[in-house]
Amino acid sequence: MEKGLSILAIFILLISCNNDHYEPDLLDNPQLSLNIPLGFPELNNSVKTNVPTKYGVELGEKLFHDKRLSADNTVSCSSCHMQGNAFADNNAQAIGIQNRIGLRNVPAIQNMMFMKFYNWDGNVLQLEDQPLVPIITHEEMGSSILEVIGKIKDDVMYKDLFKKIFGDEAITAERIYKSIAQYEYTLISANSKYDRIKRNEGDLFTENEKQGYLTFQQKCVSCHSTELFTDQSFRNIGFPINTNTNEAGRGRVTGLPEDYMSFRVPSLRNVEYTAPYGSFGQFPTLRAVLDYFDKGVLDGNNLDPVFKNNGNRIPLTEQEKTNLILFMKTLSDREFVKK
């Protein structure tokens, strides 16, 4: 794993030194409107230098669904990131080529342009650097970017798109990463029942949903804040540990004991569609997560104060659990997931 991380660092360094900068012809390849929802956090700085364009997004979507990105041509980005599951899946841990089992549960891809960190441990700060990770990871696509380029370099459709976007047909690593990121930047989810209520568009909470929202504000909002329903912090919340791996959460990135088993707080948007839950799918349902919080979580020196200062638990009545789940389902954006 350490060798893999070293290879990743070298590739990212090479990308950053690449002189393949470009100025898109905005007349033939216009920038797309980002349609930023009201109240959402500030954009990640990378978006400002890689604004989605008509053909950039088209190319990124084509690459996202292309199984040739994997060593044996069986796995694409969309194999794990499925739209019906808010661009996650329903497996406990990621499943790559040859049914290899990944380290962690697949994260949803939504509202990425507002994120400060990517991956559960935040080891990527720019979305343009992220596509390389699954491509070279043994348990995921098990390939290399040079192998990918070799497979698609003679594809007529690809050559046409690269020329429309970059002015020539050259297929490079940087252009691939930027295009995939452009597509992912367009995956904005902000049209749930909750959003329509906030916009005064006629929807109303049921009484149970309203009570669930009150409980959420009292017991959950300190972590699941902002309109993303995550404060994007890293926290150890005492979930069961996978003893079959060398998992350490954020600690794998920083090397700091205080980051051991800390993970990025997940967004609760579309959480209805992304079961199972936890870093390696420890919990099959939202109810199972809330039951665990209520009964008490694993202790640790760096256990988050939300739990540490309250007997290692978040006490919830059975009715509060029911209402919380009903509220969380108001964060489901059926248009986004095409349901």
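User: Which classes of residue make up the lining of the second largest pocket, and how many of each?
Analyst: By class, the lining of the second largest pocket is made up of 10 nonpolar, 5 polar and 8 charged residues; please keep in mind that this is a predicted model.

User: How much space lies in that second largest pocket, and which residues are closest to its centre?
Analyst: The second largest pocket holds about 500 Å³ of space. Its lining counts 23 residues, and the closest to the pocket centre are Ile-188, Ser-189, Ala-190, Asp-333 and Glu-335.

User: Which elements give two or more residues to that lining?
Analyst: Helix 9 (193-198) and helix 15 are the elements that give two or more residues to the lining of the second largest pocket.

User: Switching to closed spaces, how many cavities of 30 Å³ or more are there?
Analyst: The count comes to 1 cavity of 30 Å³ or more, and the largest cavity has a volume of about 30 Å³.

User: What lines the largest cavity?
Analyst: The lining of the largest cavity consists of Leu-103, Asn-242, Thr-245, Glu-247, Met-261, Ser-279 and Phe-280, which by class gives 3 nonpolar, 3 polar and 1 charged residues.

User: Now the packing: how many residues are in the largest nonpolar core, and which have the most contacts inside it?
Analyst: The largest nonpolar core has 50 residues, and those with the most contacts inside it are Leu-59, Leu-63, Leu-69, Ile-145 and Ile-176. At least two residues of this core come from each of helix 3 (54-64), helix 5, helix 6 (145-152), helix 7 (156-166), helix 8 (173-185) and helix 15. Helix 8 supplies the largest share of this core, with 7 residues.

User: Is there a general background to that sort of grouping, and what is it?
Analyst: In soluble globular proteins, nonpolar side chains tend to be buried together.

User: What does Ile-176 touch?
Analyst: Not counting residues up to four places away in sequence, Ile-176 touches Leu-63, Ile-145, Ile-149, Ile-152, Phe-162 and Ile-171. Apart from this core lies another core, of 28 residues, which includes Tyr-194, Phe-205, Ala-275 and Met-328.

User: Phe-162 is on that contact list, so where does Phe-162 lie, and is it buried or exposed?
Analyst: Phe-162 lies in helix 7, and with a relative accessibility of 0% it counts as buried. Leaving aside neighbours within four places in sequence, Phe-162 is in contact with Leu-59, Gly-167, Asp-168, Glu-169, Ala-170, Ile-171, Arg-175 and Ile-176.

User: What separates the C-alpha atoms of Phe-162 and Ser-179?
Analyst: The C-alpha atoms of Phe-162 and Ser-179 are separated by 9.5 Å, and the two residues are 17 residues apart along the chain.

User: Different topic: how many disulfides does the structure hold?
Analyst: The structure holds 0 disulfides.

User: Why is there no bond for Cys-77 or Cys-223?
Analyst: For Cys-77, the closest cysteine sulfur is in Cys-80 at 8.8 Å, which is too far for a bond, since a disulfide needs the two sulfur atoms within 2.5 Å. For Cys-223, the closest cysteine sulfur belongs to Cys-220 at 8.5 Å, again too far for a bond.

User: And are those two buried or exposed?
Analyst: Cys-77 counts as buried at 13% relative accessibility, and Cys-223 is buried as well, with a relative accessible area of 10%.

User: On the backbone, which residues does a cis peptide bond join?
Analyst: A cis peptide bond joins Ala-275 and Pro-276, with omega at about 0 degrees. Pro-276 lies in the loop between strand 2 (263-264) and helix 12 (286-295).

User: What is phi of Asn-119, and what is phi of Lys-338?
Analyst: Phi of Asn-119 is near 75 degrees, a positive value in a residue other than glycine, while phi of Lys-338 is near 60 degrees, likewise positive in a residue other than glycine.

User: Where do they lie, and are they buried or exposed?
Analyst: Asn-119 lies in the loop between helix 4 (77-80) and helix 5 (132-136) and is buried, with a relative accessible area of 18%. Lys-338, by contrast, lies in the segment after helix 15 (334-337) and counts as exposed at 63% relative accessibility.

User: Last one: where is Asn-85, and what is it in contact with?
Analyst: Asn-85 has its place in the loop between helix 4 and helix 5, and at 11% relative accessibility Asn-85 counts as buried. Leaving aside neighbours within four places in sequence, Asn-85 is in contact with Asn-90, Tyr-273 and Thr-274.

Technical notes: Residues are numbered from 1 along each chain as its sequence is written. This is a predicted model: local features need pLDDT of at least 70, side-chain atom pairs count only at pLDDT 80 or more; totals for chains, interfaces and linings use all residues. Side-chain values use heavy atoms; hydrogens and water are left out. Buried means under 20% relative accessible area, exposed over 50%, partly exposed in between (1.4 Å probe, protein chains only). Helices (H or I, at least four residues) and strands (E, at least two) are DSSP runs, numbered from the N terminus. On a 1 Å grid over the protein atoms alone, a cavity is a set of points where a 1.4 Å probe fits but cannot get out, and a pocket is an open set with protein on both sides within 12 Å along at least five of seven lines; lining residues have an atom within 4 Å of a point. Grid points are joined across faces, edges and corners, and a volume is the space filled by probe spheres set on the points. Ala, Val, Leu, Ile, Met, Phe, Trp, Tyr, Cys and Pro count as nonpolar, Asp, Glu, Lys and Arg as charged, and the others, Gly among them, as polar. A nonpolar core is a set of buried Ala, Val, Leu, Ile, Met, Phe, Trp, Tyr and Cys residues joined through side-chain atoms within 4.5 Å. Contact means heavy atoms within 4.5 Å.
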